[in-house]
Every structure is written in C-alpha cells, then in structure tokens.
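Please open the structure in your viewer and keep the selection tool at hand. The tour proceeds stop by stop, naming what to select and what is found there.

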Amino acid sequence: MTMRWKLLISILVFGFFSKAIWADEAALRKAIQPHFADSKIESLKKTPYLGLYEVVVGDEVFYTDAKADYFFFGHVIDTKTRTSMTNERIQEIKAARRVPLDSLPLESAIKVVKGDGKRRVAIFTDPNCPYCKQLEKELLNVTNVTIYTLLYPVLKGSMELSKKIWCSDNKIKAWDDFMLKGVAPTSKDCETPLDVLVKSGQENKVSGTPTLIFADGSVVGGMIPATAIEEKLESASKSK
C-alpha cells in the first residue's frame with residue numbers, strides 16, 4: 001500500500017472516530033440536561049480517570065458515566081499528590097469567569113469617585129453582611145478609584161434597610177453611616193432599583209456578598225484586604 005493511501009485511510013479513520021466522540025458527547029449532554037431544566041450545562045468533557053465525564057452546571061462540578069446513568073458529587077483526590085482534582089478545576093473555573101463591568105446596572109449604583117477615579121470596581125453588597133462591613137473599612141485605604149455599590153439585599157431584613165438607604169437624601173452618607181458607624185437610615189419611601197439589582201446579581205451568578213467585579217470582568221467573591229484590591233485594580237486597568 002502506498003504512503004498516499006495510508007495517509008488517506010488514517011484521515012478517514014480519524015474523522016470517523018472524531019465524529020463518534022462528538023456524537024457521544026452530544027448524546028450525553030442531551031441525557032444530562034433534563035435533570036437541570038433551569039440551568040445551562042456550562043462544560044462537559046471526559047476526564048483521564050475512571051472513564052468519567054466532568055460536568056459543570058452553574059458553579060457545581062460533578063461527574064457522570066458515559067450514559068448519564070449515575071451522577072457522582074464530591075472530590076476526586078489524586079493519591080500521589082494528595083490534591084483534590086475537583087478543587088483545582090473549581091478554582092480554574094472561578095479564575096476564568098468574567099462579567100463585563102459595563103453590562104451591570106451601574107446607573108442604579110451608589111457611585112463614589114475617589115481621586116482621578118480611573119480605576120473601577122463594582123460591588124454587590126448587602127447592608128446586613130458582616131464581611132461587607134469589613135470590606136468597606138478596607139476600601140477607605142483605596143484611592144484613585146470609582147466604586148459602584150450595587151445593593152444586593154439577600155439576607156433577612158436587608159430589603160427594607162436597603163430601601164431606606166437608597167431613599168435617603170444623601171445615599172453615600174447613609175451607606176457610610178450605616179456600614180462604618182452603625183447609624184441606621186431614617187425611614188422614607190421612594191421608587192428603588194432594588195429588583196433590577198437583585199435580578200442582575202442572580203443572572204450573573206452572584207451567590208454571596210460581597211462580590212467584587214473589576215474593569216477586566218474578573219470576579220472576586222468574599223472580603224479581601226485593601227492590598228489585594230489595589231493589586232486587582234492595577235492588573236485590571238493594565239489588561240484593558
């Protein structure tokens with residue numbers, strides 16, 4: 001058999017198996033989806049261990065067999081390195097996550113400009129969240145930044161409190177007084193964008209407060225110190 005025919009046969013065989021693999025993954029995705037009717041399968045790929053497939057739905061990572069007869073939730077541990085392969089993938093997914101800053105309802109934020117305001121960060125925050133209050137103290141040490149505070153009242157009693165803060169004559173002062181000094185805002189009624197903000201948080205998978213979103217779209221969940229905020233602001237501004 002000539003080299004030309006061998007090459008042609010190799011290409012045809014490779015193409016056949018490639019299609020078979022893709023067909024299997026498509027069928028597998030179709031079999032998994034009904035179990036998560038309200039969520040999108042973000043990723044599906046075969047792992048190098050036990051013939052399992054890794055499935056990512058929302059923030060959840062789990063495993064299934066080739067026919068989706070069984071789902072396996074938990075961590076896969078590499079016994080040689082004693083590391084969690086699952087945790088590594090979760091961290092990779094979080095690091096790769098991006099939410100375009102300008103896609104957020106920034107017009108409904110409590111906006112504070114410090115210094116030249118060139119660097120930007122949006123923060124989904126709840127007034128009753130203790131970590132959010134710690135974050136506000138850290139932000140006092142951050143300069144040359146525009147901060148968009150997006151009220152995200154997900155804790156008990158936070159909706160009414162957020163309404164009072166938003167409806168205050170001076171939103172910035174009302175926010176700072178409560179978060180830094182514990183001074184509650186006075187009662188007042190007005191139209192608020194809170195439903196829009198909550199919807200935005202849910203659509204962008206904000207599962208906890210505080211959640212910071214930087215100019216490059218990178219997302220950081222939880223309270224971080226001023227030094228880490230400064231580093232993220234700098235790296236985000238350079239990557240634009």
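The stops below cover two sheets, a cavity, two pockets, a disulfide and two backbone details.

**Before starting**

This is a predicted model, in which local features need pLDDT of at least 70, side-chain atom pairs count only at pLDDT 80 or more, and totals for chains, interfaces and linings use all residues. Residues are numbered from 1 along each chain as its sequence is written, and side-chain values use heavy atoms, with hydrogens and water left out. Helices (H or I, at least four residues) and strands (E, at least two) are DSSP runs, numbered from the N terminus.

**Stop 1: the four-stranded sheet**

Select β1 (41-46) and β4 (71-72), the edge strands, each of which pairs on one side only. They belong to an open sheet of four strands in the order β1-β2-β3-β4, with antiparallel pairing. Two strands pair if DSSP finds at least two bridges between them. Next, add strand β2 (residues 53-57), which runs antiparallel to β1 and is joined to β1 by five bridges. Within this pair, I41 stands opposite V57 in β2.

Now select L50, in the loop between β1 and β2. Phi of L50 is near 60 degrees, a positive value in a residue other than glycine.

Then display helix α2 (residues 85-96). α2 lies across β1, β2 and β3 (60-64), and runs at about 135 degrees to β3. Here contact means heavy atoms within 4.5 Å; axes are lines fitted to C-alpha atoms, for helices over the stretch in contact, and angles run from 0 to 180 degrees between N-to-C directions.

**Stop 2: the cavity**

Rolling a probe the size of a water molecule over the atoms shows where empty space is left. On a 1 Å grid over the protein atoms alone, a cavity is a set of points where a 1.4 Å probe fits but cannot get out, and a pocket is an open set with protein on both sides within 12 Å along at least five of seven lines; lining residues have an atom within 4 Å of a point. Grid points are joined across faces, edges and corners, and a volume is the space filled by probe spheres set on the points.

The structure holds one cavity of 30 Å³ or more. Select G58, D59, V61, I90, I93 and K94, which line the largest cavity; about 40 Å³ of space lies in it. Which helix supplies the largest share of this lining? It is α2, with three residues. By class, the lining has three nonpolar, one polar and two charged residues (Ala, Val, Leu, Ile, Met, Phe, Trp, Tyr, Cys and Pro count as nonpolar, Asp, Glu, Lys and Arg as charged, and the others, Gly among them, as polar).

**Stop 3: the largest pocket**

Select K94, R97, S207, V219 and G221: of the 15 residues that line the largest pocket, these are the closest to its centre. The volume of this pocket is about 290 Å³. β11 (219-221) and α2 each supply at least two residues of the lining, and β11 gives the most, with three.

**Stop 4: the five-stranded sheet**

β11 also leads to an open sheet of five strands, ordered β7-β9-β8-β10-β11, with mixed pairing. Its edge strands are β7 and β11, and the twist averages 20 degrees from one strand to the next. Select strand β8 (residues 119-125), which runs parallel to β9 and is joined to β9 by seven bridges. F124 stands opposite L150 in β9.

Add α5, which lies across β7, β8 and β9 at about 90 degrees to β7.

**Stop 5: the second largest pocket**

About 180 Å³ of space lies in the second largest pocket. Select its lining residues, among them I110, L139, I147, W175 and L180. α5 gives the most to this lining, with four residues.

**Stop 6: the disulfide and a cis bond**

A disulfide is a covalent bond between the sulfur atoms of two cysteines; here the criterion is a pair of cysteine sulfur atoms within 2.5 Å. Select C167 and C190, which a disulfide joins (S to S 1.9 Å). C167 is in the loop between α4 (158-166) and α5 (171-181), and C190 is in the loop between α5 and α6 (194-203), 23 residues apart. The torsion about the S-S bond of C167 and C190 is about -90 degrees, so the disulfide is left-handed.

Finally, select P210, in the loop between α6 and β10. The peptide bond from T209 to P210 is cis, with omega near -5 degrees.
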